[in-house]
Amino acid sequence: MNLKSLSLKIGLLAVSVLVGCSNHFRESDSLLIGDDVDQLLNDIEFAQANSPSSGPVTQVLAMKNEPDVTVYVAQAPTPTVRVANLIGFYDFSIFGDTSGQLGYKSFSEVLILFFDVPRDSGRDAGIIFGLKKVGSDTMEYHAFSGTASIDDDTYVAELNGASGQTELFLESYDVAGDDLTGVIQLLVFDGNNNYLGKVFSLTGFR
């Protein structure tokens, strides 16, 4: 898979995006290029090769081979992005935290990969959260996949987790016609539609 930043395809859209007819701009903080994203995907694939719980991650990673896929990427920390910008959630139960002890300060590194695949009818979608806890050398991956649609300038994805049940809803208002823009923000909800927080800026590659 040879990914190129959407900015190479659509000018400055991946640098500064005008959403709808408002004066709201979404800026990209990513310093990545397409080869970097390819390497990230390969690294995750390698890490999951011998993992007994790799099923959901492998399922989402398979989307990278779809001809029309766009992969949106965000990572922290960087010079301009803090961990809290990506995973400043109110609740971390979607990552198996049943005790309520996790918070964004629990993590030293975060990687988020969101996959959008348009179909003749509807869309497929998937997301991978890579989380490295403070003091750990290991990145843990949590993946969710399902379907998505665009209606009334709103992108909505309903995603299943390892249980096979709906565990996550994602929304974005960064829509241009029948597609997402080059840089997007995601609103994150759990399977009961409780708001968890935002992923502030993901940059698209295809």
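The largest nonpolar core of this predicted model has 34 residues, and those with the most contacts inside it are F89, F114, I127, F129, L168, L170 and L202. A nonpolar core is here a set of buried Ala, Val, Leu, Ile, Met, Phe, Trp, Tyr and Cys residues joined through side-chain atoms within 4.5 Å, where buried means under 20% relative accessible area, exposed over 50% and partly exposed in between, with a 1.4 Å probe and protein chains only. Apart from this core lies another one, of 20 residues, among them V60, M63, F115 and A143. In soluble globular proteins, nonpolar side chains tend to be buried together.

As it is a predicted model, local features need pLDDT of at least 70 and side-chain atom pairs count only at pLDDT 80 or more, whereas totals for chains, interfaces and linings use all residues. Residues are numbered from 1 along each chain as its sequence is written, and side-chain values use heavy atoms, with hydrogens and water left out.

**The barrel**

Eight strands close into a barrel in the order 3-4-5-6-7-8-11-12, with antiparallel pairing; strands (E, at least two residues) and helices (H or I, at least four) are DSSP runs numbered from the N terminus, and two strands pair if DSSP finds at least two bridges between them. Neighbouring strands of this sheet are turned by 30 degrees against each other on average, direction ignored; the axes are lines fitted to C-alpha atoms, for helices over the stretch in contact, and angles run from 0 to 180 degrees between N-to-C directions. Three of the antiparallel pairings are set out below, each with one pair of opposing residues.

| Strands | Bridges | Opposing residues |
|---|---|---|
| 4 (residues 107-118) and 5 (residues 123-133) | 11 bridges | I112 and F129 |
| 6 (residues 139-151) and 7 (residues 154-160) | Seven bridges | I150 and Y155 |
| 7 (residues 154-160) and 8 (residues 166-172) | six bridges | A157 and L170 |

Strands 6 and 7 form a hairpin with two residues between them, and D152 in this turn has a positive phi of about 55 degrees. In the hairpin of strands 7 and 8 there are five residues between the strands, and G164 takes a positive phi near 85 degrees.

**Aromatic pairs**

A pair of aromatic rings is described by the distance of the centres and the angle of the planes. Rings of Phe, Tyr and Trp (its six-membered ring) pair if their centres lie within 6.5 Å, and planes under 30 degrees apart count as stacked, over 60 as edge-to-face and the rest as tilted. By this rule the count comes to 11 aromatic pairs. The rings of F92 and F95 have centres 6.1 Å apart and planes at 45 degrees, so this pair is tilted; F92 is buried with a relative accessible area of 3%, and F95 is buried with 9%. The rings of F114 and Y155, with centres 5.9 Å apart and planes at 85 degrees, form an edge-to-face pair, which links distant parts of the chain, F114 lying in strand 4 and Y155 in strand 7, 41 residues apart. Both F114 and Y155 are buried. One aromatic cluster is formed by F89, F92, F95, F107, F129 and F144.

**Surroundings of F114 and H142**

Leaving aside neighbours within four places in sequence, F114 is in contact with residues including T70, Y72, I127, Y155, L170 and L202, contact meaning heavy atoms within 4.5 Å. H142 lies in strand 6 and is buried, with a relative accessible area of 18%. With its neighbours within four places in sequence left aside, H142 is in contact with F95, I127, I128, F129 and L131.
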